[in-house]
Each structure stands twice: as C-alpha cells, then as structure tokens.
Amino acid sequence: MVNGVISMAKRELVRFFRQGHRVVGSIAQPIIFWLFLGSGFGASFQAPGLEGVSYTEYFFPGILLMVVLFSGIFSTITVIEDRNQGLLQGILVAPVPRIAIVFGKVIGAMVIGLLQAFLLLLTIPFLAIEPGFAGILMVILGLIIAALGFTALGFLIAWNMESTSGFHAIMSVFLLPLWMLSGAMFPMTQAPVWLEWLMFLNPVSHALLLIRMPLYQPISELLTSSQYIIAFIVAIIWAVGCLMLALSRVNRQQCSA
Amino acid sequence: MISIKELNYFYPVKKADKRQALNNLNLKVAPNTFFALTGPNGSGKSTLFSILSGLSLPKDGQITIDGLDIVRHQAKIRHMMGVVFQSPALDKHLTLAENFQIHGDLYGMEPSLLQKRLDEDLSWTGLKDRLGEMVGTLSGGMARRVELVKALLHRPKILLMDEPTNGLDPGSRRDFLDMVDNLRRERDMTILMTSHIFAEAERADEVGILHKGSLLASGSPKELTKRLGHEMVVIQTSKRKHAEFLKTKLSKKTGIKVWQRDSELRVEKVDKKTLDDLLSHYRDRFNEIAIKRPTLEDLFIHITQEKEES
C-alpha cells in the first residue's frame, strides 16, 4: 500500500511540474492578489489592535492559506478528469486499498501547496515581522493542517461530481467563501456581528490563526494561549474529519440497487 | 474458472425505481479459454464487466473465480486479474515508463521484476523504443497496446477486456486482435472479452450472446452458427418497406422463416431455385441475393426475433 500511496503522490507532482501553465499560474496568482490588494487597500486599512500593521503584512497569512486552498482545489479536480478519461477505473481495480488513492492524492496536493507556500515564506524578511525559526516551523505546521483540510474536502467534493464545471461552481459558492470568511482579507473584529459569528464557526478561520499567530508570538506564548489551542483543536478536527469522510466515501463501492 | 450463478443487477433510476441490467444470468468460463461476451449495446455486457473487474458489487447471485467468491475475496481476485477498459486507463501527461511504474507500484511489483516483465513484453508489441514518450502522443492503436501490456505486467490468470477495439480503425483493430490471438497461444490465461461486434467474437473459443441482461446462447462459434444450417440466403433491398413486403410474401407463400433487419432479409435453409422463382415476380423490390455462411449476428437476429414473435 505504501508504494501505491507514494506512486500516486509522485504522479501528482510530476503532472504539476510538467504543466508549465499550472506552475506559473499557481505561483503568480497569489503574488498578484497579494501585491494588488495589498497596495489597493493599504491606505484605507485601519483596524483596532492592528495599528502599524500594513495591509500587505496583514494579508500575508491569508495569501499563504490561499496557496494551499488553490493547490488542493486544482489537484483534486483531477479526480474528475481521471474518472472521465477512464484512468480512475484502472486504479480502482488494482489490489491496493482504495484509501491509498485518497492518501496519495492528498499527500501529492499537500506537497505542491507547501512548496508554493515555502516560496512565499522567503518574502518574510521583506515584511516587518520576525517569527524566528521556531515560528516558521509553527507556520508550516499550520499550513500542513490547512492543506490537509482543503485537499481532503476538495477530494470529497470531486469524488461526488461528474463534471469539472460543477466543481468550479462549488468552488465559487463554497470553497472561496470559506477562505474569504476566515479573516484572510479583513479582521473578524471589523465585521458585523452576524458575520463575526459566521467567521468564528468557519473552521478555516481557525486554520488561519495557526498560520498568523506564530508570525507574531513566540512558541512559549502560543502553547499557553487558549486562542491558539482552541484554533489548533478545531482545525485538526476539521482536517481529520474531512479526511475521514473522504476515506469513507471512496471505500463505498457501487452496489446493485 | 469463472462461474456466475443466478446473477441479477439493478441500477437505481428514480427514488423507488430501478432498472434491471442483468437478469438471472448463469455463465461458466473454463480455464485457459478465450471467451467473448457479445450482444448489442445495453445488453448488460459492461455491467457484467464492471462486476467482474470489482468496480460494482452484486447483491444477489454468486460469482466465483477459481473457487473464490468475488465479494469476499476481492483483494486476492484483483491480483489474479488484468483489466483492459473501453478507454485506456493511462495518464496522458506521463510517459509510457511512468504509467508502467504506477501499475507496478499498485500491484506491489518489485522494480527488478517490473523491468524484467517490461523487457519480455515490449519486444512483441513494438513499444520498446517508445518508453520515454508521453502517452498523449500515441495513436489509438498504440495506446491500446500499452494498455494491454500494462494489464499483463503482473501476469494475471484472467484477462478481462471491455470492448477493447472500440474507436480503433479496422487495421488497428485487426492488429490488436491478432496480438490477443498470439497471447492465448503462448500463455495459460483465461481471456474474457466483451464486444458488440459479432465478427470479433467469432475469433474466440467460446461465445456468450447477451440480450436484455440474459444469456441467449453460448458455445463455440461453430456450434452456435450451425443452429442455422450451413448456408443462408441474404436478400438486400433498397427500402425497408420493400423488405417488409417481401418478408410477408415469402412467409405466406412458402412458410419459410424469414428474418428482417432494416432493408435486409435473411432466409435460412432454402432451396435457391425456389427462392429465385418466387422473387422473379418481385425483381424490382430487391437489389441482390447472396448465399453465405451464417454468422453470430445472424444467430442473434434469429433468436431475438423468434423470442419477440413467441
């Protein structure tokens, strides 16, 4: 089974790097978003408790989250393409357990997302933040949890879809709003009460905290911060829950009515 | 040995409604035979293929492969099977070598064993020099060969092929079937192939004809076509209504069994002279008369029309 998982994950990486437009798009898109929105909102961004923080800096964790979100989406959309081209059938009849397909796809997509996020992490010295080595490791941990959640969720949705256009519709009305309402673009405290509640209930908001907080707080403070611990627990439950649902769905074989 | 007993399969249509795809199907395929399962589109071939390959699960009936129940021993049976689908299960963005590597990994093959098998199999397929090429650049016929090699890499005891010549030009189709012929001669392997092309099925040792989810007939192609006699007359008309007219006339005047397929009539076991005499009155209604050996397609038309009439 391990060979099957590695093989499937490797396939995701090879396909990604072989599709030049996908590599360019996935790196350029978050940078363009970051620079344009950062510059555009920079002058008008004023949030209590965030004095002295530029919008470019505020938006940075949100952009990291966006990278793993898009990576998860574009990698799992290939599930639909694989099925339509007949490739998935060939994998499903192999003696490897079906969960290997999920793990292979999820690990492959996570690695792709994390590689892109690492490129963005290289810009930290240009921002007015100094998270330190331990802080960076904690950011990476947050990114891994977020990537796991998004990819497993994307896989679960893609497995049940018949067309890529249907998946795009779900992405627009469900996955993107999850990211927007995570506090990536605007702070929770600035939002109306109803929206603040929505944002609090959104598990992705908690995943974002796992990326944002280590950029500003030392590890000793994080481990005693109730906000961080709650965010960690919620994000883990969300990511592992999505993975479990994906595994259970894939294990269900088509059966006579 | 593949043994299928009283197999039923239903697809859900609406909430409480379902459509029966397989209807009390019984079938036996002896070891090391080339068995062709044929029938028109919608006869249940692909559903049966889907069940045998492990993609779908039956609720009732029993299927055993080498004595192992297909539901309870899925993993063991998957190791014993090689599967070729209607559209090649290959990743177009990867090279041939990379596709074979993935297959090897999924079937738990050691890299050295995979290499050895590739050396053996690529020599007879003409693919040896193309290992580094992207699958997307291959022609349909070549992609089929790659699919066949891939399905055989783990040396399955049973090779399942679902309409493997679908979409191929006549030359590539013949090449592919020749390759399958060579395989069955050289290896101890049971081959089960579905095809809606009756002429393809005639190359098999045994044929099963499916219709509306049931097995209409099975046996060797010779045995099956013998049921219609050694020769039959085919009357080609230009219009369906002419065929209908002639069918009525022939049936009424002689009592001979006549089968119609669009603008074509098939008449079995008849004296040509009698037929010529009859048709001389209606020469303007048909284009040509030919005598030929009955085919599986003739048998299929014969059985289905007889069923409908009864």
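This report walks through a helix, a strand and some salt bridges in a predicted model.

## Ground rules

Residues count from 1 along each chain as its sequence is written, and chains are lettered from A in the order in which they are written. Because the model is predicted, local features need pLDDT of at least 70 and side-chain atom pairs count only at pLDDT 80 or more, while totals for chains, interfaces and linings use all residues, and side-chain values use heavy atoms, without hydrogens and water.

## Helix H2 of chain A

Start with H2(A), residues 20-42 (helices are DSSP runs of H or I with at least four residues, strands runs of E with at least two). Its 23 residues should span 33 Å, and the end C-alpha atoms sit 32 Å apart, which agrees; the expected span is 1.5 Å times one less than the number of residues.

Its buried residues (under 20% relative accessible area; exposed is over 50%, partly exposed in between, with a 1.4 Å probe and protein chains only) are A:Arg22, A:Val23, A:Ser26, A:Pro30, A:Trp34 and A:Gly38. Their cover includes helices H1 (2-18), H3 (55-85) and H5 (99-121) of chain A. A:Ile27, also in H2(A), counts as partly exposed at 30% relative accessibility.

## Strand E3 of chain B

Over in chain B, 5 of the 5 residues of E3(B), residues 34-38, are buried, so the strand is largely enclosed by the rest of the structure. In a regular strand, side chains alternate between the two faces of the sheet. Here B:Phe34, B:Ala36 and B:Thr38 are buried on one side, B:Phe35 and B:Leu37 on the other.

E3(B) pairs (at least two DSSP bridges between strands) with E9(B), residues 190-195, in parallel through 5 bridges; B:Phe34 partners B:Ile191 there. It also runs parallel to E10(B), residues 206-211, over 4 bridges, with B:Ala36 matched to B:Val207.

## Salt bridges

A salt bridge here puts a side-chain nitrogen of Lys or Arg within 4 Å of a carboxyl oxygen of Asp or Glu, and the count comes to 26 over all chains. A:Arg15 and A:Glu81 meet in one of them at 3.9 Å, N to O. That pair links H1 and H3 of chain A, 66 residues apart. A:Arg15 is buried at 3% relative accessibility, whereas A:Glu81 is partly exposed at 30%. Both belong to a salt-bridge network that includes B:Asp91.

In chain B, B:Lys45 meets B:Glu163 at 3.6 Å, N to O. B:Lys45 lies in H1(B) and B:Glu163 in the loop between E8 and H6, so the pair ties together parts 118 residues apart in sequence. B:Lys45 is buried at 3%, and B:Glu163 is buried at 6%.

Terms used
Contact = heavy atoms within 4.5 Å.
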